[in-house]
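Reader: I'd like a close look at one part of this protein. Please pick a stretch where a strand leads into a helix, and show me what surrounds it.

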Amino acid sequence: SSCIRKMRETLVKLLSHNDREERRLGYAKHFSLIFCSESQSSKVFVLLKISFLLSLSMSPSSSSSSSSRNWVYDVFPSFSGEDIRKNFLSHFIRELDRKLILAFKDNEIEKSHSIWPELVQSIRDSRIAVVVFSTNYASSSWCLNELLEILNCKKEFGQIVIPVFYGLDPSHVRKQTGDFGKVFEETCKNRTEELKNQWKEALTDAANILGYHTQNCDGEATMIEKIVNDVLGLLSSTPPKDFEGFVGLEDHIAKMNLLLDLESKEVRMVGIWGP
């Protein structure tokens, strides 16, 4: 029908900034939106965009330096694949996908592209960075350089940083001690003193940010759920800039947010009807 065609066309327009098929399929699985207004198409489009922005929460930072940024990703995960790719990370990404939170995935980088420039750009295009510290995080100069870029983005335009200490005491990251410190010292061999000091400062600064510690949570699944809900809350905390100038729209957004019930595990059908 024409209603269904209009829905599909609008979805394509809304998602045109990111052509990942997985994301489009994610929307189709989570929501079924029905157009019941043929005439007021502009109003329908606005309401549709509200609902998707609430689920995506691709909202800019409240700080003046980032208010005009267009985020490509909601979350950039920085991690040691050796330690967590097949366990914690896979479960974490799955939960983000379930909540329609778009995370950067390094295994989706096209093989013809240079990896490091792509990583840097993806960090800068992400609203939130989740840094998962594990013992072998410090064994990778890539991870340590990612951390430098993440903290630079935090300083430059207010990127939110959430540290997760996976099987580590935060003080070992903060002071580069224990097994983490030994691995770090090994990585620093044949590196300049300047770079080593930059890494040390970045590790200390990141470890001083309030985050999550596996020893303080009742199981990995519980911790992942808490982190994802925290991310969802942070993404939803700033109203989208797309609707500035629309008088009286905040109440409608609040009502739509209740209808979407993003924390529900059920599939939701949202009908938009009327002139």
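Author: Start with one term: contact means heavy atoms within 4.5 Å. This is a predicted model, so local features need pLDDT of at least 70, side-chain atom pairs count only at pLDDT 80 or more, and totals for chains, interfaces and linings use all residues. Residues are numbered from 1 along each chain as its sequence is written, and side-chain values use heavy atoms, with hydrogens and water left out.

Our part runs from strand 3 (126-133) through a loop to helix 6 (residues 141-157). Helices (H or I, at least four residues) and strands (E, at least two) are DSSP runs, numbered from the N terminus. The protein has 11 helices and 6 strands.

Take the loop. Thr135 sits in the loop between strand 3 and helix 6. Beyond its neighbours within four places in sequence, Thr135 is in contact with Asp83, Leu168, Asp179, Phe180 and Val183. Is Thr135 buried or exposed? Buried means under 20% relative accessible area, exposed over 50%, and partly exposed in between (1.4 Å probe, protein chains only). Thr135 has 28% relative accessibility, so it counts as partly exposed. Glu82 lies 53 residues from Thr135 in sequence. In space, their C-alpha atoms are 9.7 Å apart.

Step back to strand 3. It is largely enclosed by the rest of the structure, because 8 of its 8 residues are buried. Strand 3 belongs to an open sheet of 4 strands, ordered 2-3-4-5 with parallel pairing. Strand 2 and strand 5 (212-213) are the edges, each pairing on one side only. Two strands pair if DSSP finds at least two bridges between them. Strands of a sheet pair through backbone hydrogen bonds, either parallel or antiparallel.

Now count the bridges. Strand 2 and strand 3 have 5, and Phe76 has Ala129 as its bridge partner in strand 3. Strand 3 and strand 4 have 6. There, Val132 stands opposite Val164 of strand 4. Strand 4 and strand 5 have 2, and Val164 faces Tyr212 of strand 5. Helix 10 (residues 220-236) lies across strands 2, 3, 4 and 5. It runs at about 175° to strand 4. Axes here are lines fitted to C-alpha atoms, for helices over the stretch in contact, and angles run from 0 to 180 degrees between N-to-C directions.

Move on to helix 6. Its 17 residues reach 24 Å from first C-alpha to last, close to the 24 Å expected at 1.5 Å a residue. The expected span is 1.5 Å times one less than the number of residues. At its start, a side-chain oxygen of Ser140 comes within 3.2 Å of the backbone nitrogen of Trp142. Gly158 follows helix 6, with a positive phi near 75°.

Among the buried residues of helix 6 are Ser141, Leu144, Ile150 and Phe157. Their cover includes strand 2, strand 3, helix 8 and helix 9 (193-207).

Finish with helix 8 (residues 178-187), where Thr187 is found. Thr187 is buried because its relative accessibility is 11%. Leaving aside neighbours within four places in sequence, its contacts include Ser140, Ser141 and Leu144. The Thr187 side chain reaches the backbone oxygen of Ala138 at 2.6 Å.

Key: Polar contact = N/O pair within 3.5 Å; in protein donor to acceptor, adjacent residues only side chain to side chain.
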